[in-house]
Amino acid sequence: MAEGTAEAPLENGGGGDSGAGALERGVAPIKRQYLTTKEQFHQFLEAKGQEKTCRETEVGDPAGNELAEPEAKRIRLEDGQTADGQTEEAAEPGEQLQTQKRARGQNKGRPHVKPTNYDKNRLCPSLIQESAAKCFFGDRCRFLHDVGRYLETKPADLGPRCVLFETFGRCPYGVTCRFAGAHLRPEGQNLVQEELAARGTQPPSIRNGLDKALQQQLRKREVRFERAEQALRRFSQGPTPAAAVPEGTAAEGAPRQENCGAQQVPAGPGTSTPPSSPVRTCGPLTDEDVVRLRPCEKKRLDIRGKLYLAPLTTCGNLPFRRICKRFGADVTCGEMAVCTNLLQGQMSEWALLKRHQCEDIFGVQLEGAFPDTMTKCAELLSRTVEVDFVDINVGCPIDLVYKKGGGCALMNRSTKFQQIVRGMNQVLDVPLTVKIRTGVQERVNLAHRLLPELRDWGVALVTLHGRSREQRYTKLADWQYIEECVQAASPMPLFGNGDILSFEDANRAMQTGVTGIMIARLVAGPTDRHPSHSGALLKPWLFTEIKEQRHWDISSSERLDILRDFTNYGLEHWGSDTQGVEKTRRFLLEWLSFLCRYVPVGLLERLPQRINERPPYYLGRDYLETLMASQKAADWIRISEMLLGPVPPSFAFLPKHKANAYK
């Protein structure tokens, strides 16, 4: 396969479109016998592919140079209609070109609304959970109660094995499971493996869920935050150093909130406690109720020399973190959660805090711009979730966060930043950490000035990403500046972050004197428009390579097994019904948009692959390895169909998958 393409004519084109990409700056050096052209690459996949969906999705240029247009838009453009509904003859030549160009960029034919339901006839939850004696909704129930009718319209099973049934002995999705043939009798009854189901009586493997009663209290704003309000009142009275606060004052009115259910909601309209009165308690008064933990008495966070998986938005979900833990990640952190959404009781935001039992050192990351919301959210988490540390996101560069004063903007708002850190430190019983960048502007570094202040404010650990906000994820991380910041932060631990793709990169990073390294995802590309993807999302086995100090020439079948494990973890986490399967597929496609950038070790002329090198077009050692190198969304969907079955017609994968595929 590779020898047949070695003598193919190579063109000297930019952007990695030709086989001569190994000679270009910023392109990975792949052995010449594997190099090919863009046209030959896609022709090979089309010829070898067995799925008919490949031919159906390849619309337009036979060479694969043109992105397939959505059906509605393609019909509109073929009929000669502009975006305003005028014909091409009626419009001016300049206006005609402009309107056509605008219509193509807007992509109006794509679905904008996520499907509200995945089945035409949804079965009542009471039947799914085998509580047919009583419907949860009573006479107002709008769901289907006829199991036979549901089975007639239910799509075919996606496979003969149900992961939930084999793992837990019982599938909670019953007849709605897309693998129901493994545990469903002909009459529709759900089978149970008694031995495995008995183990399910033990504490659940997933922790940090949101209680329904607490969610209602949060939505009605009935939860009280006495400790947070006390800390905020101190800030309103003026800046007072923590050392100058008398110990008795610091301990006054700070009861433990976990042991009393009445501290959150007043008993009635006439029993609410005035702000000036002592805080209500229930049960006997103990030392734990009146004595707050001092910073030196808090649980220590000792992760020196450990590998820290960064909080990755969207892709850093619980199934992915389980994959990284398997390969040797020591410390994990949940995805960035917005504090205001947590205080409102949004289930989607609380899902980011969930923790698997394999995550022995686990933290959550909060984003916010104001001391009141961040301090209250910290107090709420200290009551309700089990974490080893709480991290503040001061490194997010996106405009949506920055323009509201959060993320990197806090580096320029030192007063608010200080109040957030001090307030959260007072209400938390676990260490507080912070993740920052070098600064906001590219040539104006701020981290070396902030680090001593963070140390004085009581931060237990700081992670420094070696790029500014203006750089985003372009250009290489400045590890020389990180080395300077190690001295400024001492004796506070400082983790370094940026451009770690191999164990050599990790060794060089540790030589700067950092306490440890954080493995993230996005790094500099050859140009600002082409960021390369690396780190944990590009190769989750990087943790194994660092610990074993070797390059792992992982085969395509081993990589497919990793993806299969991810889908199994996803079905456990999101469910095995249609909605859970397609949610698992969605996050799998997100991850595949990063994995396609990986170049196998056996194909490289020089080791290791550098962080700012993108792969040219190449044919792998087998068909699967070539398919995994494709940057087309249609090929990612084909891989997902190997693991999760065919994509249903109603399922619309995210439009940005198409955008990422052709960057």
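In this predicted model, helices α25 and α28 meet through a small set of named side chains: L560, L563, R564, T567 and L571 on α25 touch I639, L643 and L644 on α28. Sorted by class, the contact is made of six nonpolar residues, one polar residue and one charged residue. The spacing of the residues on α25 invites a look at helix geometry. An α-helix has 3.6 residues a turn, so residues three or four places apart point the same way. As for the arrangement of the pair, α25 spans residues 556-574 and α28 spans residues 633-644, and their axes come within 10 Å while crossing at roughly 65 degrees. The crossing of α25 and α28 is right-handed.

It helps to step back to the whole chain at this point. The protein has 663 residues, of which 52% are buried, and its secondary structure amounts to 29 helices and 10 strands. Of the contacts with a separation of 6 or more, 70% join residues that are 24 or more positions apart. One pairing across the sequence involves E46 and D635: 589 residues separate them along the chain, yet their C-alpha atoms are 10.0 Å apart. E46 belongs to helix α2, which covers residues 38-48, and E46 is partly exposed, with a relative accessibility of 24%.

Helix α19 offers a view of the packing inside the protein. This helix runs over residues 414-427, and its 14 residues reach 20 Å from the first C-alpha to the last, close to the 20 Å expected at 1.5 Å a residue. The buried residues of α19 are F417, Q419, I420, V421, R422, G423, M424, N425 and V427. These buried residues pack against both helices and strands: the helices are α11 (226-236), α17 (371-384) and α20 (447-457), and the strands are β5 (362-367), β6 (389-394) and β7 (432-437).

Several backbone details deserve a friendly pointer. Most residues other than glycine have a negative phi, and most peptide bonds are trans. Against that background, the peptide bond from S490 to P491 is cis, with omega near 5 degrees. P491 sits in the loop that links α21 (479-489) to β9 (494-497). A cis peptide bond is also found from L607 to P608, where omega is near -5 degrees. P608 is placed in the loop between α26 (578-595) and α27 (623-628).

Positive phi values appear at D499 and Q549. For D499, which is not a glycine, phi is near 65 degrees, and the residue lies in the loop between β9 and α22 (503-510). D499 counts as buried because its relative accessible area is 11%, under the 20% cut-off. Q549, also not a glycine, has a phi of about 55 degrees and is located in the loop between α24 (542-548) and α25. Q549 is partly exposed, at 38% relative accessibility.

Finally, a word on confidence. The average pLDDT of the protein is 77, and 70% of the residues score at least 70. Residues 240-281 keep a pLDDT under 50, and the model gives this stretch 58 contacts beyond four places in sequence. Residues 522-534 likewise have a pLDDT below 50, with 48 contacts in the model beyond near neighbours in sequence.

Technical notes. Residues numbered from 1 in each chain as written. Predicted model: local features only at pLDDT ≥ 70, side-chain atom pairs only at ≥ 80, totals over all residues. Heavy atoms only, no water. Helix = DSSP H or I, 4+ residues; strand = E, 2+ residues; numbered from the N terminus. Expected span 1.5 Å × (residues − 1). Buried < 20%, exposed > 50% of the residue type's maximum accessible area, 1.4 Å probe, protein only. Contact = heavy atoms within 4.5 Å. pLDDT = per-residue confidence, 0-100. Axes fitted to C-alpha atoms, helices over the stretch in contact; angles between N-to-C directions. Left-handed = near helix turned anticlockwise from the far one by under 90°. Nonpolar A, V, L, I, M, F, W, Y, C, P; charged D, E, K, R; others polar.
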